[in-house]
Amino acid sequence: MLEEGLASSILDAARQPLALALEIVELRAYAQAKVMVEEAKSQDDLPDHPMVAMVWEVTADLVQAERERRYPA
């Protein structure tokens, strides 16, 4: 049997638009992957997962944007 809190959360989630629910799931997965990347001692500690790749892509974009801000062409 579901706990009362969990059941209400499931019902609340079912009432939300699907796109919003999927976005929340994606953001949570990204946050978990970001923590894994930040805590990894080596590349071998990281799973081969699309969200880990996305963390690296976002990090590279942020670094590039900061370089362009500091050193304009």
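These legends walk through several close-up views of a predicted model.

**View 1. The whole chain is built from helices.** Start with the overall picture: the protein chain has three helices and zero strands. Read from the N terminus, its elements go α-α-α. The chain counts 73 residues, and 10% of them are buried. About 6500 Å² of the chain is exposed, with 59% of that coming from carbon and sulfur atoms.

**View 2. Confidence varies along the chain.** Mean pLDDT for the protein chain comes to 86, and 88% of the residues reach 70 or more. Where is confidence lowest, and where is it highest? The low end is helix 1 (residues 4-15), with a mean of 67, while the high end is helix 3, at 96. Where pLDDT is low, the predicted coordinates should not be read in detail.

**View 3. Helix 2 keeps its buried residues on one face.** Helix 2 covers residues 18-39, which makes 22 residues. At 1.5 Å a residue they should span 32 Å, and the C-alpha atoms at the two ends are indeed 32 Å apart, so the expected and modelled spans agree. Which residues of this helix are buried? They are Tyr30, Ala33 and Val37. Looking down the axis of helix 2, these buried residues fall within an arc of 65 degrees, so they line one face of the helix. Turn to the other side of helix 2 and you find exposed residues: Val25, Leu27, Arg28, Gln32, Glu38 and Glu39. As for the buried ones, they pack against helix 3 (50-70).

**View 4. Helix 3 answers with a face of its own.** Helix 3 is made of 21 residues. From first C-alpha to last it reaches 30 Å, close to the 30 Å expected at 1.5 Å a residue. Its buried residues are Met51, Val52 and Val55. Seen down the axis of helix 3, they sit within an arc of 105 degrees, so here too the buried residues line one face of the helix. Pro50, Glu57, Asp61 and Arg67 are exposed on the other side of helix 3. The buried residues of helix 3 pack against helix 2.

**View 5. Seven residues form the largest nonpolar core.** Zoom in on the core and you'll find Tyr30, Ala33, Val37, Leu46, Met51, Val52 and Val55. Helix 2 and helix 3 each supply at least two residues of this core. In soluble globular proteins, nonpolar side chains tend to be buried together.

**View 6. Tyrosine 30 meets methionine 51.** Tyrosine 30 is in helix 2. Is it buried or exposed? Its relative accessibility is 19%, and because the cut-off for buried is under 20%, tyrosine 30 counts as buried. Setting aside residues up to four places away in sequence, tyrosine 30 touches Met51, Met54, Val55 and Val58. Along the chain, tyrosine 30 and methionine 51 are 21 residues apart, yet their C-alpha atoms are separated by 5.6 Å. Now look from the methionine's end: with neighbours within four places in sequence left out, methionine 51 is in contact with Glu26, Ala29, Tyr30 and Ala33.

**View 7. Leucine 27 sits out in the open.** Leucine 27 also belongs to helix 2. Its relative accessibility is 52%, so leucine 27 counts as exposed. How far apart in space are leucine 27 and methionine 51? From C-alpha to C-alpha the two are 9.6 Å apart, with a separation of 24 residues in sequence.

**View 8. A loop residue tucks in.** Leucine 46 is found in the loop between helix 2 and helix 3. Leucine 46 has a relative accessible area of 12%, so it is buried. Which residues is leucine 46 in contact with, leaving aside its neighbours within four places in sequence? The answer is Met36, Val37, Ala40, Val52 and Trp56. Between leucine 46 and alanine 33, the C-alpha separation is 8.8 Å, and the two are 13 residues apart along the chain. Leucine 46 is also one of the residues of the largest nonpolar core.

How values were computed:
Residues numbered from 1 in each chain as written. Predicted model: local features only at pLDDT ≥ 70, side-chain atom pairs only at ≥ 80, totals over all residues. Heavy atoms only, no water. Helix = DSSP H or I, 4+ residues; strand = E, 2+ residues; numbered from the N terminus. Expected span 1.5 Å × (residues − 1). Buried < 20%, exposed > 50% of the residue type's maximum accessible area, 1.4 Å probe, protein only. Arc of directions from axis to C-beta. Contact = heavy atoms within 4.5 Å. Core = buried A, V, L, I, M, F, W, Y, C linked by side-chain atoms within 4.5 Å. Areas by Shrake-Rupley, 256 points an atom, 1.4 Å probe, with all protein chains shown as cover. pLDDT = per-residue confidence, 0-100.
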